[in-house]
Amino acid sequence: MTGPWTWVLAALGAAACVATPPPVRLVAGPPLTLAAAPGVRINARLKPALELEGGTVLRFDSPHVTPDSAYFAAPPTVMPPTKTRRGTLRVSVCLPRERICRLVAMSVAW
Amino acid sequence: MRIIVTTVVVLSGLAVATRGPGRPAAPLAPRPSASTAPGGPAPELTNASWLNAERPLRLAALRGRVVLLNFWVFTCGNCTRTVPSLVAYDRAYRDRGLTLIGIHTPEFPPYAGEHDKGNLARALARQGITYPNAQDNDRRTWDAYGIRYWPSFVLIDRRGTIRYTGYGEFHQDDAEFRIWDSRIQQLLGE
């Protein structure tokens with residue numbers, strides 16, 4: 001696609017890149033580790049998932065959870081797969097001040 | 001330690017996605033569509049699988065009653081901590097014309113177990129929930145109402161009109177509990 005739409009799409013993309021800090025990020029390992037942004041809590045009752053091509057799903061976990069077992073008290077981890085280096089990360093994050101849960105899904109590569 | 005490159009981010013709830021450093025928090029809004037804004041008709045429930053109900057419930061058959069929809073999922077702490085308040089409303093107002101309905105909408109794909117009817121039944125028992133719950137596994141009701149967050153609430157009057165919408169955990173006798181309580185009493189009194 002060329003012409004003015006190219007610039008519109010580029011501008012939208014740039015704006016999105018500037019204003020979309022993800023509430024979690026994946027840190028390379030091994031193990032792969034989920035790091036939450038300040039104030040963000042990761043739902044431990046719905047363990048984060050790394051969905052790989054072919055249907056394999058890896059679940060992040062940590063032995064350290066809050067007393068009510070609702071959130072991780074330490075960053076959850078998972079051992080990375082050996083054959084692939086990309087997938088879809090799915091995380092349920094909860095924001096205390098706003099008292100809600102949100103779903104985050106993102107394509108990741110490592 | 002190397003940081004992973006994120007290529008695409010999709011959020012259910014765009015407030016986080018649109019908030020930049022140092023900027024005020026973007027206002028949270030349930031994203032009502034023209035058909036689900038307060039004052040509009042409540043979209044019909046079309047879910048086929050229900051618990052605590054002898055047959056699928058339809059809003060058309062509930063005309064004359066006030067209906068409170070609670071969009072929730074049993075894996076969400078914000079949702080489960082709000083349940084005691086909803087159970088209290090159900091006990092206080094069911095006989096006076098309130099029908100409380102849980103719309104159980106999973107966050108993750110089926111591999112996480114939220115779609116399983118047995119798991120939901122156990123969660124209802126664990127939480128002491130006796131009011132009807134629909135399994136919204138395909139998110140048809142979630143989408144019809146333009147919901148973005150767990151938990152969310154939609155209060156519908158006796159004529160089937162959406163009167164109030166909202167979201168977020170609350171507890172018995174806190175300010176938000178009292179607001180919803182007064183809204184329910186208002187609609188029951190109409």
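This section describes the fold of chain A and the packing of two helices in chain B. The model is predicted.

Chain A holds one helix and eight strands. The helix comes at the N-terminal end of the series, and the eight strands follow it, in the order α-β-β-β-β-β-β-β-β. Chain A has 110 residues, of which 30% count as buried. Contacts within chain A were considered between residues at least 6 apart in sequence; 53% of them join residues at least 24 apart.

Three strands of chain A form an open sheet. Their order is β1-β2-β6, and the pairing is antiparallel. Strands β1 (24-27) and β6 (77-78) of chain A are the edges, each pairing on one side only. Strand β2 of chain A spans residues 32-36. Two bridges join β2(A) to β6(A), in the antiparallel sense. Across this pairing, Thr33(A) stands opposite Thr77(A) of β6(A). Strands of a sheet pair through backbone hydrogen bonds, in either a parallel or an antiparallel manner.

In chain B, helix α3 covers residues 83-93. Val83(B), Ser85(B) and Leu86(B) of this helix are buried. Viewed down the axis of α3(B), the buried residues fall within an arc of 160 degrees, and therefore line one face of the helix. Helices and strands of chain B both contribute to the packing against these residues. The helices are α2 (77-80), α4 (117-127) and α6 (175-188) of chain B. The strands are β3 (66-72) and β4 (98-104) of chain B.

Helix α4(B), one of the packing partners of α3(B), has buried residues of its own. These are Leu120(B), Ala123(B) and Leu124(B). They cover an arc of only 100 degrees around the axis, so they sit on the same side of α4(B). The other side of α4(B) carries the exposed residues Gly118(B), Arg122(B), Ala125(B) and Arg126(B). Three strands of chain B are included in the cover over the buried residues of α4(B): β2 (50-51), β4 and β5 (133-135). Strand β4 of chain B thus appears in both settings: it packs against the buried residues of α3(B), and it is part of what covers those of α4(B). After α4(B) comes Gly128(B). The phi of Gly128(B) is positive, near 70 degrees.

Note on methods:
Residues numbered from 1 in each chain as written. Chains lettered and ligands numbered in written order. Predicted model: local features only at pLDDT ≥ 70, side-chain atom pairs only at ≥ 80, totals over all residues. Buried ≥ 20, exposed ≤ 12 C-beta atoms within 10 Å, placed from the backbone. Helix = DSSP H or I, 4+ residues; strand = E, 2+ residues; numbered from the N terminus. Arc of directions from axis to C-beta. Contact = placed C-beta atoms within 7 Å. Pairing = 2+ DSSP bridges.
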